[in-house]
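Me: Please walk me through this model one question at a time. I am new to reading structures, so explain each term as we meet it.

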Amino acid sequence: MKLTEKLEQLKALFGEMERALIAYSGGVDSTLVAKIAYDVLGDRAMAVTAVSPSLLPEELEDAKIQAATIGISHQIVQTYEMENPNYTSNPVNRCYFCKSELHDTLKPLAIQFGYPYVVDGVNADDLHDYRPGIQAAKERGARSPLAEVGVSKLEVRQLSQHLGLPWWDKPAQPCLSSRFPYGEEITVAKLQRVGRSEIYLRKLGWENLRVRSEGDTARIELAPEKIKDFVLAVDLPSVVSAFQEFGFIYVTLDLEGYRSGKLNQVLHQNLKVTNQI
């Protein structure tokens, strides 16, 4: 199916909804959904961003700016997944409890303001990865227009560029809790040190990165082609000193480089071992 045909299908889908509340993180996916919803529904669409310690302050500011640029009504709510030990203990299905908290917050809000639908930015590619949060959203009646129409992550960016959205190539920025290996407890202090470390590196001019946290060790992941440049261009002792001020003791550089969903590889390895037994 052509990209323009998928865009028309998305518009038709929102036309059938009549009113919709968008779970809006400010990422490329949910921002595209918010843009199309607003183009079709106008003031009958509302974007809602959930704020918690796992959201970078920079991402919240981006979400505000993008919503204002689109013109869509934008609300901010607080979520409290950090009060749930099922979340903070960081099990392999951590995202299930995060999305449960999100949609348990959004659904009553949608009912209160007369929105029959809550929609999110899940795309077709997400359905092929380990995303337990998708199940939590489905259980609460949320819809995923991009996935329903079969829009891939690449097509999300292509559609965003086609619609003139200046952030079409914005790097993916999942919640900060995704920086921790499964089983390591998540605390507000740990989230803050990861967030401050990533902001520090971005201010130095490095994008599309992650700072993974394993105990007292920070592991910096950059695009593979940027690793050599980073080592040559950055004052490494200054980086170490900054990270230690943020609360880490050890600072390392991942030689494989950044890869989305990297911490899920332990799940695939365990499954492979299980199948061999």
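Me: At what angle do helix α1 and helix α8 pack?
Reply: Helices here are DSSP runs of H or I with at least four residues, strands are runs of E with at least two, and both are numbered from the N terminus. Axes are lines fitted to C-alpha atoms, for helices over the stretch in contact, and angles run from 0 to 180 degrees between N-to-C directions. In this predicted model, the axes of α1 (residues 3-17) and α8 (residues 153-162) are 11 Å apart, and the packing angle is about 80°.

Me: What should I call the arrangement of α1 and α8?
Reply: Angles under 35 degrees count as roughly parallel, over 145 as roughly antiparallel, 65 to 115 as roughly perpendicular and the rest as oblique. The angle between α1 and α8 is about 80°. That makes the pair roughly perpendicular.

Me: What ground rules apply to the residue numbers and values?
Reply: Residues are numbered from 1 along each chain as its sequence is written, while side-chain values use heavy atoms and leave out hydrogens and water. Local features need pLDDT of at least 70, side-chain atom pairs count only at pLDDT 80 or more, and totals for chains, interfaces and linings use all residues, these being the rules for a predicted model.

Me: How many residues of the contact of α1 with α8 are nonpolar?
Reply: Contact means heavy atoms within 4.5 Å. By that rule Leu3, Lys6, Leu7 and Leu10 in α1 meet Glu155, Gln158, Leu159 and His162 in α8. Ala, Val, Leu, Ile, Met, Phe, Trp, Tyr, Cys and Pro count as nonpolar, Asp, Glu, Lys and Arg as charged, and the others, Gly among them, as polar. The contact has two charged residues, two polar ones and, for the group you asked about, four nonpolar.

Me: What is unusual about phi of Glu18?
Reply: Glu18 lies in the loop between α1 and β1. Most residues other than glycine have a negative phi. Phi of Glu18, in contrast, is positive, near 75°.

Me: Which strands stand at the edges of the sheet of four strands?
Reply: Two strands pair if DSSP finds at least two bridges between them. This open sheet has parallel pairing and the order β3-β2-β1-β4. Each edge strand has a single partner, so one side of it has no neighbour in the sheet; these strands are β3 (73-78) and β4 (117-119).

Me: Which residue is the bridge partner of Ala20?
Reply: Strand β1 (residues 20-23) runs parallel to strand β2 (residues 45-51), and four bridges join them. The partner of Ala20 sits in β2 and is Ala45.

Me: Which helix packs on this sheet, touching β1, β2, β3 and β4?
Reply: The direction of this helix makes about 160° with that of β1. The helix covers residues 94-112 and is named α5.

Me: How is the sheet of three strands ordered?
Reply: This open sheet has mixed pairing. β5 (210-214) and β7 (250-253) each have a single partner strand, so they stand at the edges. Reading across, the order is β5-β6-β7.

Me: Which residue stands opposite Arg219?
Reply: Strand β6 (residues 217-221) and β7 run parallel and are joined by four bridges. The residue opposite Arg219 lies in β7 and is Thr252.

Me: How do helix α9 and helix α11 run: roughly parallel or roughly antiparallel?
Reply: The axes of α9 (residues 188-203) and α11 (residues 236-246) come within 9 Å and cross at roughly 150°. That makes α9 and α11 roughly antiparallel.

Me: Which hand does the crossing of α9 and α11 have?
Reply: A crossing is left-handed if the near helix is turned anticlockwise from the far one by less than a right angle, and right-handed if clockwise. For α9 passing α11, the crossing is right-handed.

Me: What radius of gyration does the whole protein have?
Reply: The protein has twelve helices and seven strands. The radius of gyration is taken over C-alpha atoms, and the globule rule is 2.2 Å times the number of residues to the power 0.38. For 277 residues a compact globule would be near 19 Å, which agrees with the value for the protein, 19 Å.
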